[in-house]
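Q: I am new to this structure and would like to go through it step by step. May I put some short questions to you?

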Amino acid sequence: MVRLPRGVSVKFEHANGELRAEIDRDQVMQVLTNLVNNAIDAMPNGGTLTLRTAADDRNIRIQVADTGTGIPPENRKKVFEPFFTTKGAGKGTGLGLSVTYGIVKMHHGDIKLESNADPAGGPTGTTFTVTLPRAPRPGGDEARRS
Ligand SMILES: Nc1ncnc2c1ncn2[C@@H]1O[C@H](COP(=O)(O)OP(=O)(O)OP(=O)(O)O)[C@@H](O)[C@H]1O
Ligand SMILES: [Mg+2]
């Protein structure tokens, strides 16, 4: 669904085992599309996009990481606000992450970011982590209890 520009390479790092969450497929696809498009926009000179999955007992985690410009500290709180954009007129609406946030919250999940925008502090880039509650295993303890 996303056009990958020349110079951007993609890595997949998937956790072993079956990670199941109850999701609205279209909505979560929209979340991933938004995060991937942002990651690509942040790497105008190329870089690496990494899609990672992981889980603990309660949650599954999906990470979208880029080696792009990073998000300066003063913007980190604002990026989830509707209409906040640093992209030029006619380019970004600033709605991507606010819609993303809403969808994740509807799924009883959470979204967090880690970023470095200062080359003096090491490689720049941003990682968004989406956490979603793990679906009970069929026949598992949770399923039996309910
Ligand atoms: N991976 C990222 N790297 C650097 N900055 C980012 C990243 N993701 C989001 N941002 C910053 O957060 C702002 C808001 O992102 P958001 O997705 O909500 O809107 P947008 O991408 O500007 O526009 P739209 O998604 O509506 O086309 C961006 O303009 C950018 O400044
Ligand atoms: Mg966006």
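Q: What joins β2 to β3?
A: A hairpin of three residues makes that link. Please keep in mind that the model is a predicted one.

Q: How do β2 and β3 run, and how many bridges join them?
A: They run antiparallel, and seven bridges join them. One of the paired positions is Ala54, whose bridge partner in β3 is Arg61.

Q: In what order do the strands of the sheet come?
A: The order is β1-β2-β3-β5-β4. These five strands form an open sheet, and its pairing is mixed.

Q: Which are the edge strands?
A: They are β1 (8-13) and β4, each of which pairs on one side only. As for the angle between neighbouring strands, they are turned by 15 degrees against each other on average, direction ignored.

Q: In what sense do β1 and β2 pair?
A: β1 pairs with β2 (residues 47-55) in the parallel sense, over six bridges. Within this pairing, Lys11 has Thr50 of β2 as its bridge partner.

Q: What packs on the sheet?
A: Helix α1 does, touching β1, β2, β3 and β5. The direction of α1 makes about 25 degrees with that of β3.

Q: And how many bridges join β3 to β5?
A: Eight bridges join them, and the two strands run antiparallel. Asp66, for instance, has Thr126 in β5 as its bridge partner.

Q: Let us change to helices. Which residues of α3 are buried?
A: Gly96, Leu97, Thr100, Ile103 and Val104 are buried in α3. Seen down the helix axis, the buried residues fall within an arc of 120 degrees, so they line one face of α3.

Q: What do those buried residues pack against?
A: The buried residues of α3 pack against α1, β4 (110-116) and β5 (125-133).

Q: And which residues are exposed on the other side of α3?
A: Lys105 and Met106 are exposed there.

Q: Why does Val104 count as buried?
A: Val104 counts as buried because it has 20 C-beta neighbours inside 10 Å, and 20 or more is the cut-off for a buried residue.

Q: Which residues is Val104 in contact with?
A: Leaving aside neighbours within four places in sequence, Val104 is in contact with Val31, Gly109, Asp110, Ile111 and Val130. There is also a pair to compare in sequence and in space: Val104 and Gln27 are 77 residues apart in sequence, while their C-alpha atoms are 8.8 Å apart.

Q: What about His108: where does it lie?
A: His108 lies in the loop between α3 and β4. Its phi is positive, at about 60 degrees, although His108 is not a glycine.

Q: Is His108 buried or exposed?
A: His108 is exposed, because 12 other C-beta atoms lie within 10 Å, and 12 or fewer is the cut-off for that class.

Q: Which other residue, not a glycine, has a positive phi?
A: Phe83 has one, with phi near 75 degrees. Phe83 is placed in the loop between α2 and α3. With 9 C-beta neighbours inside 10 Å, Phe83 counts as exposed.

Q: Now to the ligand. Which residues come nearest to ligand 1?
A: Of the 21 residues around ligand 1, the nearest are Ala42, Thr85, Gly92, Gly96 and Leu97. Two of these names have come up already, as Gly96 and Leu97 are among the buried residues of α3.

Q: Which helices supply at least two residues of the shell around ligand 1?
A: Both α1 (25-41) and α3 (96-106) do so.

Q: How do the residues of that shell divide into nonpolar, polar and charged?
A: In the shell around ligand 1, seven residues are nonpolar, twelve are polar and two are charged.

Q: One last residue: where is Thr69?
A: Thr69 is in the loop between β3 (59-66) and α2 (73-76). Thr69 is buried, because 20 other C-beta atoms lie within 10 Å.

Q: Which residues does Thr69 touch?
A: Not counting residues up to four places away in sequence, Thr69 touches Ala42, Ala117 and Thr124. Ala42 also appears among the residues that come nearest to ligand 1.

Q: How far apart are Thr69 and Met43 in space?
A: They are 6.6 Å apart, C-alpha to C-alpha, and 26 residues apart in sequence.

Terms used: Residues numbered from 1 in each chain as written. Chains lettered and ligands numbered in written order. Predicted model: local features only at pLDDT ≥ 70, side-chain atom pairs only at ≥ 80, totals over all residues. Near = placed C-beta within 6 Å. Helix = DSSP H or I, 4+ residues; strand = E, 2+ residues; numbered from the N terminus. Nonpolar A, V, L, I, M, F, W, Y, C, P; charged D, E, K, R; others polar. Contact = placed C-beta atoms within 7 Å. Arc of directions from axis to C-beta. Pairing = 2+ DSSP bridges. Axes fitted to C-alpha atoms, helices over the stretch in contact; angles between N-to-C directions.
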